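Welcome to this tour! Open your viewer, keep the selection panel at hand, and follow along stop by stop.

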Amino acid sequence: MQRFWQVDASRGLALIFMLVSNFVTDLQYFKGYSSFGNVWFAFAQLTAFMFIFLVGFSLVLSYNRAAKENKANFVKYLKRGLWIFGLGLLITFVSYLFIGADYIRWGVLHLIGVSIILAYPFLKAKPVWPAVMGLLFIVAGWIAGQVTLTTNWLLPVGFTTTSFSSVDYFPLLPWFGVALLGICFAKACYSNINNLQTSKPKFKPLCWLGRHSLLIYLLHQPIFLALLLLI
């Protein structure tokens, strides 16, 4: 299968940012590191935006490629989304064992898994619809952040309680909106995207990281924790 090296390289760069951000988070949580807190928070948000935006962008490439082969059906994206969401549940279980109260209830894999499923109608729509809905989700996410509830049942949506605490939290509001913006951008630019395939691949190490981002994501925290134990 022919790949877009620009997308793989961008994902690889986002992965490097994620590794740096998560290692700093581990230092904060396990070693009490507290310098430049606002800077690292902004860096983490930027990294998450890049990753989730690329999820939406890549969904358009996948859909258009599958459509040419008459394989762009909902079941494909349902299975993929459930697979990623299942990996998120595994992260939930493992983080509960090692972290306890601050375990990951709804992290980035939960978000990506559900986003793949929810994004399907937008893959067939004109770019204006994912753009409008993406902005609405982001604004709604800001509003949800100002509200606190007494129940955790709406954590996946974006409503938290005053006692909520987690080392990783990516609710649908606003982050699904970021994936929708990625869909909008890819659909709006698709007439030029086909030209990317014919260009000579560059930044091969970044491309390799981008192609194996899920595996690296699943393995990086055990490696980081082992390093911290050695320290």
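How many positive and how many negative side chains does the protein chain have, and how far apart do the centres of the two sets lie? Colour the charged side chains to get a feel for it: there are 17 positive and 5 negative ones, with 14 Å between the centres of the two sets. Please keep in mind throughout that you are looking at a predicted model.

**Stop 1: the whole chain**

Switch to a cartoon view. You should find nine helices and two strands in the protein chain. Walking along the sequence, you meet them in the pattern α-α-α-α-α-α-β-β-α-α-α.

Now zoom out. Along the principal axes, the C-alpha atoms fill a box of roughly 50 × 40 × 30 Å. Does the radius of gyration agree or disagree with that of a compact globule? It agrees, because a compact globule of 231 residues would have a value near 17 Å and the protein chain has 18 Å.

Next, turn on the surface. The accessible surface comes to about 12,900 Å², and 70% of that belongs to carbon and sulfur atoms. Of the 231 residues, 41% count as buried. Among contacts with a separation of 6 or more, 77% are between residues 24 or more positions apart.

**Stop 2: a charged pair in helix H1**

Select aspartate 8 and arginine 11. Side chains of opposite charge can pair when their charged atoms come close. Here aspartate 8 forms a salt bridge with arginine 11, and their closest N and O atoms are 3.2 Å apart. The structure holds one salt bridge, so you have just found it, given that the cut-off is 4 Å. Both residues sit in helix H1 (residues 5–31), three residues apart, which is about one turn of the helix. Are the two partners buried or exposed? Aspartate 8 is buried, and arginine 11 is buried too.

**Stop 3: the loop after H1**

Move on to phenylalanine 36, in the loop between H1 and helix H2 (37–68). Check its backbone: phi is near 55°, a positive value in a residue other than glycine. Why does phenylalanine 36 count as exposed? Its relative accessibility is 59%, and exposed means over 50%.

**Stop 4: serine 95 in helix H3**

Select serine 95, which is found in helix H3 (residues 74–99). Serine 95 is buried, because its relative accessible area is 7% and the cut-off for buried is under 20%. Leaving aside residues up to four places away in sequence, serine 95 touches Gly100, Tyr103 and Ile104. For a distance to try, draw a line from serine 95 to isoleucine 52: they are 43 residues apart in sequence, and their C-alpha atoms are 22 Å apart in space.

**Stop 5: leucine 109 in helix H4**

Now go to leucine 109, in helix H4 (residues 108–118). Leucine 109 counts as buried, because its relative accessibility is 4%. Show what surrounds it: beyond residues up to four places away in sequence, leucine 109 touches several residues, including Ile84, Phe85, Leu214 and Tyr217. Then draw a line to phenylalanine 170, which is 61 residues away in sequence but 8.8 Å away in space, C-alpha to C-alpha.

**Stop 6: an unusual view of the backbone**

Finish at proline 174, in helix H7 (residues 172–198). Is the peptide bond from leucine 173 to proline 174 cis or trans? That bond is cis, with omega near 10°.

Note on methods
Residues are numbered from 1 along each chain as its sequence is written. This is a predicted model: local features need pLDDT of at least 70, side-chain atom pairs count only at pLDDT 80 or more; totals for chains, interfaces and linings use all residues. Side-chain values use heavy atoms; hydrogens and water are left out. A salt bridge is a side-chain nitrogen of Lys or Arg within 4 Å of a carboxyl oxygen of Asp or Glu. Helices (H or I, at least four residues) and strands (E, at least two) are DSSP runs, numbered from the N terminus. Buried means under 20% relative accessible area, exposed over 50%, partly exposed in between (1.4 Å probe, protein chains only). The radius of gyration is taken over C-alpha atoms; the globule rule is 2.2 Å times the number of residues to the power 0.38. Contact means heavy atoms within 4.5 Å. Accessible areas come from the Shrake-Rupley method with a 1.4 Å probe; for residues, only the protein chains shown count as cover. Lys and Arg count as positive and Asp and Glu as negative; His and the chain ends are not counted. The place of a charge is taken as NZ of Lys, CZ of Arg, CG of Asp or CD of Glu.
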